[in-house]
Amino acid sequence: MPTEHPAEQQQLLPGVEYRPETRQRLVPHAVNGKTRLVEEDYEVMVPVPPRDWDQAVTTAVTAAAALLVTVAVVWSVASIGDLLARAVVAPIAYLAACAFALAWVTCMALEWLARYDAARAAAPRRAGNWALIADMAVVAAHGWVEEALYVGLAGAAVSALAKKMWSTVMAHQARPLPALTAQWLRDEEADISARLALGARTRHLARIESQAALYAPTTPAALAQDTGRDSAGQLSPTVRSAVLAVLATLPGVSHDDVLTHLERLGLEYDETAVRAFLDSQDSRPEPHTVPLTPPPKSVTDSVRTLLDLGVRDKDKAVSHIHKIHGTAVPRATVVRLFNRELEKLGKSA
């Protein structure tokens, strides 16, 4: 038994019901001269709150309403299922019968979720009433077919009674909001819903953008039409940009091919100015190149020679290889050999 603590000496009020409650506290405890804080259980008397009879009654009424709804659903399914079983097999008939009862029950659930917004609750309430009317009509029709119309009407009344009872319980538990508070709540829900929708659409756009990048890569935008012809001996900025783009895309292309590409783009140009510009591009000094003498016998030998001479620029290496071995050598092959031989040099160093 735990030792008594001064905090346990409580003064109990007369007429108040108490119950013991076990709690824990840290107390010093010494063993062999070494003190530690250890947990100790102790009991306190906690006052028991009085029974909330309002909540108890509300719970009982809600349970009774739920029981009535259950009875109405079972009766409706049994009656409508028996009626439909005259035309189809029983399992399918009773499954279809569930639709009549579950329709108005589902609408009641939606009405309960929208209990703080009267405008939103109106739609499921109307739909539930129509579904209830259809359910009651079919239940009454079953009684008429069985030559016991009074039984059918009584069964239909069970559904109506259950629906009314549940609606009464919901109305009692509903807490209408003031107009301004309801408007604030609607605006807040609209903002949150907008963020959720935006996030969903953003994820969708990201997904289709990744698919487009994989299956339909973007192409360069078409060049804008020039507003006028080039002046004699001088290129307009648009034509100059187009010529440079063709040269960058198709290295080694002829002058006539460049003119053909300009015509395909629909650009107006001065042929003399374009040819003069192409000649000036051809006459530009080539970047400093490393002489290769004698010419190597293979692409690998050429790459090794370039590395021995200190060339570390892959673009320059590809340019030299194309000049010596021709443009038929793929750039990827040259880069792969360049990286491999460069790695060997690094390891040997």
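How do H2 and H3 lie to each other, roughly parallel or roughly antiparallel? H2 and H3 run roughly antiparallel to each other. Keep in mind that this is a predicted model. Here's a quick tour of how its helices meet, plus a word on the aromatic rings.

**H2 against H3**
- Helix H2 covers residues 90-113, and it packs on H3 at an angle of about 160°, with the axes 8 Å apart.
- That angle is over 145°, the cut-off for the label, so H2 and H3 count as roughly antiparallel.
- The crossing of H2 past H3 is left-handed.
- On the H2 side you'll find Phe 100, Ala 101, Ala 103, Trp 104, Cys 107, Leu 110 and Glu 111.
- They meet a run of H3 residues, among them Ala 121, Pro 124, Arg 125, Gly 128, Leu 132, Asp 135 and Val 138.
- Sorted by class, the H2 and H3 contact comes to 13 nonpolar, one polar and three charged residues.

**H1 against H3**
- Helix H1 (residues 53-84) and helix H3 (residues 118-145) have axes that come within 9 Å and cross at roughly 55°.
- That crossing makes H1 oblique to H3.
- H1 also passes H3 in a left-handed crossing.
- H1 brings Trp 75, Ser 76, Ser 79, Ile 80, Asp 82 and Leu 83 to the contact, while H3 brings Asp 135, Val 138, Val 139, His 142 and Val 145.
- The mix here is six nonpolar, three polar and two charged residues.
- Asp 135 and Val 138 of H3 turn up in the contact with H1, and they're also in the H3 list for the contact with H2.

**H2 against H4**
- The axes of H2 and helix H4 (residues 149-173) come within 11 Å and cross at roughly 5°.
- H2 and H4 are therefore roughly parallel to each other.
- From H2, the contact uses Trp 104, Met 108, Glu 111 and Trp 112; from H4, it uses Ser 159, Ala 162, Lys 163, Trp 166, Met 170 and Gln 173.
- By class, that's six nonpolar, two polar and two charged residues.
- Trp 104 and Glu 111 of H2 touch H4, and both also belong to the H2 contact with H3.

**Rings and charge**
- If you're hunting for aromatic pairs, the structure holds zero.
- There is a charge over a ring, though: the charged end of Arg 25 sits over the ring of Tyr 42, 4.3 Å from its centre.

Methods. Residues are numbered from 1 along each chain as its sequence is written. This is a predicted model: local features need pLDDT of at least 70, side-chain atom pairs count only at pLDDT 80 or more; totals for chains, interfaces and linings use all residues. Side-chain values use heavy atoms; hydrogens and water are left out. Axes are lines fitted to C-alpha atoms, for helices over the stretch in contact, and angles run from 0 to 180 degrees between N-to-C directions. Helices (H or I, at least four residues) and strands (E, at least two) are DSSP runs, numbered from the N terminus. Angles under 35 degrees count as roughly parallel, over 145 as roughly antiparallel, 65 to 115 as roughly perpendicular and the rest as oblique. A crossing is left-handed if the near helix is turned anticlockwise from the far one by less than a right angle, and right-handed if clockwise. Contact means heavy atoms within 4.5 Å. Ala, Val, Leu, Ile, Met, Phe, Trp, Tyr, Cys and Pro count as nonpolar, Asp, Glu, Lys and Arg as charged, and the others, Gly among them, as polar. Rings of Phe, Tyr and Trp (its six-membered ring) pair if their centres lie within 6.5 Å; planes under 30 degrees apart count as stacked, over 60 as edge-to-face and the rest as tilted. A charge sits over a ring if NZ of Lys or CZ of Arg is within 6 Å of the ring centre and within 35 degrees of the ring normal.
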